[in-house]
Amino acid sequence: MRLTKFKDTAAIVGQIGDEIQALVAQKTDAVICIAGGDTPLPVMKRLVDLKRNGSIDFSKVQFLGLDEWVGLGYDTKGSTRQTLYDNLYHPLAIPEAHIHFFQGDNANLQEEIDKTDAFVEQYGIDYMLLGIGMNGHIGFNEPGVGDDLMTHVIDLDTVTTTVMSKYFDDDLPLTQGMTLGFGQILQTKHLVLMATGEKKREIVKQTMASDMTRQIPSTILKKSVNETNFYVDAAAGELVED
Ligand code: PGA
């Protein structure tokens with residue numbers, strides 16, 4: 001995993017926009033996975049701009065979800081589904097048949113697991129943009145997680161349940177998440193982990209300084225044999241060298 005420091009979020013967003021533009025120009029039906037959370041929002045905006053000015057044709061691209069809070073569907077503001085649909089899929093006019101996203105409120109979660117595993121097995125993943133949790137989680141792969149899992153349901157770590165209130169208007173009794181596992185994430189042909197802002201400074205440092213350990217899931221990305229970049233802004237990257 002190669003770390004690159006950028007001046008600011010806009011510079012990272014420009015880089016990722018260029019990478020996705022180049023990918024889709026070369027592979028029109030690429031499979032792209034963009035994480036929820038606050039960090040990727042400016043990238044979503046950039047992709048919408050690139051579509052509007054005719055720079056990317058998303059008509060054949062397939063989008064895959066990374067994670068979802070168990071129990072939540074589109075109607076709950078703060079669900080990953082609502083974030084992705086409102087900020088990316090709808091503005092890009094992606095047909096429903098090209099969206100492969102967990103139904104976090106399905107009473108039968110195994111159905112969601114099976115269909116996600118089957119999709120990834122059939123199509124693979126060309127490009128994935130990840131955020132990093134304050135505890136190093138990747139998607140909802142929380143500290144202690146296995147490094148070879150496929151899609152799974154997992155108990156949320158206390159750091160995640162503490163931080164999560166920033167996404168929701170009300171206190172929600174959320175205890176579990178559903179996520180792609182590292183067995184799938186590490187198959188991705190081109191991975192980008194993105195961190196911005198001072199509050200990510202410490203976990204960026206730990207990720208780079210530590211050997212691979214399940215206690216800091218972001219370090220598991222060091223196992224990837226495919227192109228894997230860690231893009232940080234000046235604030236998040238203050239304690240590391242690139
Ligand atoms: P954030 O979340 O982008 O909202 O900081 C990152 C994460 O928890 O994966």
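**A chat about the fold, starting from Ile-185**

Visitor: Let's start with one residue. Which residues does Ile-185 touch, not counting those up to four places away in sequence?

Guide: Ile-185 touches Leu-66, Met-128, Leu-130, Ile-138, Asn-141, Leu-180, Leu-191 and Leu-221. Contact here means heavy atoms within 4.5 Å.

Visitor: What kind of model is this, and how are residues numbered?

Guide: It is a predicted model, where local features need pLDDT of at least 70 and side-chain atom pairs count only at pLDDT 80 or more, while totals for chains, interfaces and linings use all residues. Residues are numbered from 1 along each chain as its sequence is written, and side-chain values use heavy atoms, with hydrogens and water left out.

Visitor: Got it. Back to Ile-185: where is its place?

Guide: Ile-185 belongs to helix 6. Helices (H or I, at least four residues) and strands (E, at least two) are DSSP runs, numbered from the N terminus.

Visitor: Is Ile-185 buried or exposed?

Guide: Ile-185 has a relative accessible area of 0%, so it is buried. Buried means under 20% relative accessible area, exposed over 50%, and partly exposed in between, using a 1.4 Å probe and protein chains only.

Visitor: How far apart are Ile-185 and Glu-198 in space?

Guide: Their C-alpha atoms are 26 Å apart, with the two positions 13 residues apart in sequence numbering.

Visitor: What about Gln-184, where does that one sit?

Guide: Gln-184 is also placed in helix 6, which covers residues 182-185. Gln-184 counts as buried because its relative accessibility is 1%. Leaving out residues up to four places away in sequence, Gln-184 touches Asp-117, Val-120, Ile-125, Leu-149, Met-150 and Thr-151.

Visitor: Changing scale now. How many helices and strands does the chain have?

Guide: The chain has seven helices and ten strands. Its radius of gyration is 17 Å, close to the 18 Å that the globule rule gives for 242 residues, so the chain is as compact as a globular protein of that length. That radius is taken over C-alpha atoms, and the rule is 2.2 Å times the number of residues to the power 0.38.

Visitor: And what does the C-alpha trace span along its principal axes?

Guide: About 40 × 40 × 35 Å. Of the 242 residues, 54% count as buried. Among contacts with a separation of 6 or more, 79% come from residues 24 or more positions apart.

Visitor: How many positive and negative side chains are there?

Guide: There are 21 positive and 35 negative side chains, and the centres of the two sets lie 6 Å apart. Lys and Arg count as positive, Asp and Glu as negative, while His and the chain ends are not counted. Each charge is placed at NZ of Lys, CZ of Arg, CG of Asp or CD of Glu.

Visitor: Does any record say something? I mean, which residues does the UniProt domain annotation cover?

Guide: The unreviewed UniProt entry carries the annotation "domain: Glucosamine/galactosamine-6-phosphate isomerase" over residues 11-226. Such positions are given in the numbering used here, feature names are shortened, and annotations may be inferred rather than shown by experiment. In the model, residues 11-226 are 33% helix and 14% strand, and the end C-alpha atoms lie 23 Å apart.

Visitor: Why is helix 3 described as largely enclosed?

Guide: Helix 3 covers residues 80-89, and eight of its ten residues are buried, so the rest of the structure largely encloses it. The buried ones include Thr-80, Leu-84 and Tyr-89.

Visitor: What covers them?

Guide: The cover includes strand 2 (31-34), helix 2 (41-52), strand 3 (62-64), strand 4 (67-69) and strand 5 (99-100).

Visitor: And what about phi at Ala-93?

Guide: Ala-93 has a positive phi of about 55 degrees, although it is not a glycine. Most residues other than glycine have a negative phi. Ala-93 lies in the loop between helix 3 and strand 5, and counts as exposed because its relative accessibility is 55%.

Visitor: One last loop. Where is Thr-219 found?

Guide: Thr-219 is in the loop between helix 7 (201-209) and strand 10 (227-233). At 0% relative accessibility, Thr-219 counts as buried. Apart from residues up to four places away in sequence, Thr-219 touches Thr-207, Ser-210, Asp-211, Met-212 and Thr-213.
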